[in-house]
Amino acid sequence: MMNFNDNITNARLAELRSEEEEKLVQAMAPQYGLEYVNLHGYTLNPEAVATIPENKARSAGIVAFDHSHQTLNVAMRSPNNAVTLQVLDEIQTSNRLTIIPYLCSTGSLEHAWKRYADLVTSKSSEKGVFDIDPQEIIKFVKSINKKEDAAEMMDKVGGINNARRVTETLELIFAGAIALRSSDIHIEPEEKVVRLRYRLDGILYDIYDIDRYIYERMVSRLKLLAGMTLNQKQQAQDGRFTFNAGDREVEIRASVIPGSSGESIVMRILDPSVASFTLEKIDLSPVLREAMMLELKKPNGLIVTTGPTGSGKTTALYAFLRASHTEGVKIITIENPVEYKLEGIVQTQTGDDYTFASGLRAVLRQDPDIIMVGEIRDKEVAETAIHAAQTGHLVFSTLHTNSAVGGFPRLIDLGIEPRILGSAVSAFLGQRLVRRLCNECKQSYQASDAEFAILAQIMAGHPKPVILEKPLTLYKAVGCATCSGQGYKGRMGIFEAVLMDKAVEEVVIRDPREHLILEAARPQGIPTMVEDGAEKVLRGDTTLEELERVIELPKINPISPNTNIPPRTGATEKPTDNNNPDLFLSHVVN
Ligand SMILES: [Zn+2]
């Protein structure tokens, strides 16, 4: 019979032995004049691994784990071994690369060699595994100012020989995305063409039709780059890779799904500055910011941001986490997936056995002060989060509802007692992203009667209304080189919140209908999303048209026949983008 204790002891012993070996190798490295590397926690670069064939790597006791344009980082156990030296010499000559040697443990080598299993079907001999060149990307970035430039350059690439075409097309795709500040690159094969699209400030634009020849080869290249299995074409896969684009490291999260006309690829460009957002940077109205500062100082409670995918919820939560992060507190997150690294915060990612619910229970045993759980999806997560908030933890999460006030009935729908909400919930926030007018080209104009009427109606309900007078100056989008002809550059959040107080608690218990809760929360003096958005329109930060794109505005009757806005139909929800990152790109570029 298996002895449980012995098992633990054996595992622990193996762990100690491996720690011991790492320590030993680390101590030896200076004697060889080499840097030490532990490949266990290292994200191996599959392109680098592929430069040395598996049998050679194993016989020489080496592994290539990373590379730059001219150098190859190779880890080894015995730098003076004759076979090792001979193989290194061969690689250096045949690839015209400078080898940077590192010392590593045998455990590291064994671990890294496993990577070859994913590469078996790749044609690592095919020239060009290596040749996506960051320098080329940087060069292309400089000559792309608008969407049309990217298409034009790809057209030119069509004229050159085939071997270079795949590489250059790929370099152009990345360069175009960086130059135009795209958040996602979509490659969608259809029967005849393969569509390349970029998402710019939340909206997808067709950029170019790639031909199938290039596409077929590009897919393998991208899968290799992202560390995916090449011969697996009937399954969804994800991976990530990074490259250096001059002054910044660009991290790409790639996802591939099978389709009837080929594999569809979406690459999200992760921007590390998202993780540095602060409360000051996320455009909260002054009254809301102050309220949030108070909530964040409390030792317990549940703070939930609401909104559809791509409304900036994660960015807002990160800003809250950063605001509550001090030396004396322990913060743990459960995310799906971890997109941005936050300093000083323990971030975990959901997986097969680690769900939001089981993760939350595990995290609670880690004695945290603050917990962020990516999303409240079911009763189990809701109950655990509420329990955590009631037992001395500050808990952050998100819910898919259309408004802040909608969070109350949603939790009740999930099976939470209305009575419990009062003692657990601190605040529900609602938010959307609107595109920010480009400062270089926005143009002032006099508001039409219809526009004036809409804004006046919104302001009538605002707790601190802006007094409107005719003529009213607004701004419109024009388009220039700075904003790639869009008229907008970057995005900003519009926000609302309902705080828990006696009046709100009382209504939630008695009759939790949204309009009643909203009425009870009115004395809190926090503008609604529409009101916050209208203020930003009046300030010239965005347009009424843009506001209407993301949120329903009040209906008005046409005032005069020459009004240029037609009467509104009662659409209750605006379409939202599904594959859209929670980014406030405006801050990245401004
Ligand atoms: Zn502009």
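The following paragraphs describe two groups of paired strands in a predicted model. Residues are numbered from 1 along each chain as its sequence is written. Because the model is predicted, local features need pLDDT of at least 70 and side-chain atom pairs count only at pLDDT 80 or more, whereas totals for chains, interfaces and linings use all residues.

Strands are DSSP runs (E, at least two residues) numbered from the N terminus, and two of them pair if DSSP finds at least two bridges between them. An open sheet of seven strands follows the order E13-E12-E14-E15-E11-E16-E19, with mixed pairing. Its edges are strand E13 (346-349) and strand E19 (488-499), each of which pairs on one side only. Neighbouring strands of this sheet are turned by 20° against each other on average, direction ignored; the axes behind this value are lines fitted to C-alpha atoms, and angles run from 0 to 180 degrees between N-to-C directions. Within the sheet, strand E11 (residues 301-306) runs parallel to strand E15 (residues 394-399), and six bridges join them. Val304 stands opposite Ser397 in E15.

Strand E10 (residues 264-270) pairs with both E5 and E9. Five of the seven residues of E10 are buried, meaning that 20 or more other C-beta atoms, placed from the backbone, lie within 10 Å of the residue's own. Strand E5 (residues 184-189) is antiparallel to E10 over four bridges, and Asp184 stands opposite Arg268 in E10. Strand E9 (residues 248-257) is likewise antiparallel to E10, through seven bridges; here Ile252 has Ile269 as its bridge partner. Six residues lie between the strands in the hairpin of E9 and E10, where Gly262 takes a positive phi near 130°.

Definitions and conventions
A residue is buried if 20 or more other C-beta atoms lie within 10 Å of its own, exposed if 12 or fewer, and partly exposed in between; C-beta atoms are placed from the backbone.
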